[in-house]
Amino acid sequence: RQVSCAAAAYPKRVKVVEVGPRDGLQNEKNVVPTAVKIDLINMLSETGLQVIEATSFVSPKWVPQMADHTEVMQGINKLPGISYPVLTPNLKGFQAAVAAGAKEVSIFGAASELFTKKNINCSIEESLERFEEVMRAAREASIPVRGYVSCVLGCPYEGKISAAKVAEVSKKMFSMGCYEISLGDTIGVGTPGSMREMLAAVVKEVPVGALAVHCHDTYGQALANILVALQMGVSVVDASVAGLGGCPYARGASGNVATEDLVYMLNGLGIHTGVDLQKLMDTGTFICNALNRKTNSKVSQASCRL
Amino acid sequence: MGTVPSALKHCLSYQHLLKEQLWIAEPPAAAQPAQEPQASGLPEYIKIVEVGPRDGLQNEKVIVPTDTKIELINQLSKTGLPAIEVTSFVSSKWVPQMADHKEVMRGIERHPGVQYPVLTPNLRGFNSAIAAGATEVSVFGAASETFSKMNINCSIEESIERFEEITKSARNMNIPVRGYVSCALGCPYEGNIVPDKVAEVSKRLYSMGCYEISLGDTIGVGTPGSMKKMLEAVMKEIPLSALAVHCHDTYGQALANILTAIQMGVAVVDSSVAGLGGCPYAKGATGNVATEDVIYMLNGLGINTGVNLCAVMEAGNFICTALNKKTNSKVAQASFSTGTTN
């Protein structure tokens, strides 16, 4: 009967996947110069983060912010022990990524048919067929592939999303060969209640060790949702330095959860991340200055005075 | 996530979508809860104590006209909130924002079924509160000696003695007294606070007759880890049903801390409409957790609060307009924005 946190055991270690340079910057209005992107990633590489999503090999027509993907990939210091995955929406993007030196890629599915149609103009089934090409090429090149599932707790077009659908798409992507499935609350509408229900369905199809959560803080629920995910055994969490990246569906609203705030919580729980919070905050300060914006991280805001 | 430029134009109006999709729903009596609270071990009902008009406004720089305060409280009275902390009977020398305590107390509509507690730091304040029509009061202790000295210029022990005068009078008049313990998860002066100290002070307040003890993370430094340890210590001394948590969101931890508390059975949560009230110890930092964000989470957990989220958002919109400031509630930010970026 009890699912109290007194009974819940938290993972001893959590892998933090930093998505600021890609997911974060992609949703920032100001286009960031290549040199600044490279500096940002280099600074993040010094914080202890093990995974830093560097850029996206999509057409610059769709995502101008990521137009310099090749230069960024070739310009960053790639420290040993750190992974620098990049987004690849199709085989062409994959090939360009590998040519530019990428050693890990990510593909994006969704648990909503309407979202997939509006986003990439095809059905979920068709999108997975496209990704099969990428999976095949990646297997041949021994390149690990991370799978994202968007809209896992709600869709801006369809509204409520069934947990069973999320489980179905996750299972397909895992079976295709993705080593990890990152479950994204794309518009941040999820709560600990819907997170628990969704994860309960997904863990029946995908081992919990292969799951990650990617929570948006648009409704302030991210850390509470992450807490529940941890209680259910998830040990990989995506976050964005300084909470970079607004929500394209609600003007003025926030998007990604801030890595600083996540690490602060994990530290308080005695969970090992390997991340130096001070260095992370300094990096957040750097990119916020470069973007001429205030941080979305409350830890950073509070610590300014100290 | 993904690429969405052309899709934006086709998105439904967000507010429309949310109302339709029950995320910003009425309390879960009508909606399908994500899970049965009883099955998950969570309380079925949580009492929200709204502290915006007192704790919130007290920490806002701009002095709010009396009429505005009264209007805010009247709007909050219509939301279903069971308790609204109205004002503070402290010397106006110390807290200018609360100088109009008598006028506010006398000017508000008193809705049946809603409690309107007021702060009373000493017997004099208590008497003044009663004369102005108060029917419930609160006293403020702290788990930190230094904080107690800096804040009210006496030791914890001396403050307890002052409060005992109040609880004695209150008992004679059948006036319920709520006890607050500040710095429950950390102190701006002493730093780390030992859970046993929090338990000790809580026990003193409870023994002297406080019906409820609100444990305050005054500077918001707590995390689910420290919340759990602190509550475990306090629960050895105080019955669960007499406990409340008062979390500040200065480090973004409030909802996670509140979730931890309710998972341990705590069923009373303090919050502030629109997240009113900054943190006096960290310039520019936020303070109270926003009532809207708490209710959104509790609705999603299938927990009943009796509170209409939309009505709270409207009250929040009212006071933020009056204060000429942006809301600190993320739910309100996301819901009131129309259209899309770019």
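A residue counts as buried when its relative accessible area is under 20%, as exposed when over 50%, and as partly exposed in between (1.4 Å probe, protein chains only). By that yardstick B:Tyr180 is buried, at 2% relative accessible area, whereas B:Phe140 comes out at 26% and so is partly exposed.

The model is predicted, so local features need pLDDT of at least 70 and side-chain atom pairs count only at pLDDT 80 or more, while totals for chains, interfaces and linings use all residues. Side-chain values use heavy atoms, with hydrogens and water left out, residues are numbered from 1 along each chain as its sequence is written, and chains are lettered from A and ligands numbered from 1 in the order in which they are written.

Searching the whole structure turns up 6 aromatic pairs over all chains (rings of Phe, Tyr and Trp, the last by its six-membered ring, with centres within 6.5 Å; stacked if the planes are under 30 degrees apart, edge-to-face if over 60, tilted for the rest). One of them is A:Phe108 with A:Tyr148, which is stacked because the centres are 4.2 Å apart and the planes meet at 15°. This pair ties together distant parts of chain A, 40 residues apart: A:Phe108 belongs to strand S5 (residues 105-110) and A:Tyr148 to strand S6 (residues 145-150); strands here are DSSP runs of E, at least two residues, numbered from the N terminus. Both residues, A:Phe108 and A:Tyr148, are buried.

In chain B, the rings of B:Phe140 and B:Tyr180 also stack, with centres 4.1 Å apart and planes at 15°.

As for charges, the charged end of A:Arg146 sits over the A:Tyr148 ring, 5.2 Å from its centre (the criterion being NZ of Lys or CZ of Arg within 6 Å of the ring centre and within 35 degrees of the ring normal). B:Arg178 lies over the face of B:Tyr180, 5.1 Å from the ring centre.

Terms used: Helix = DSSP H or I, 4+ residues; strand = E, 2+ residues; numbered from the N terminus.
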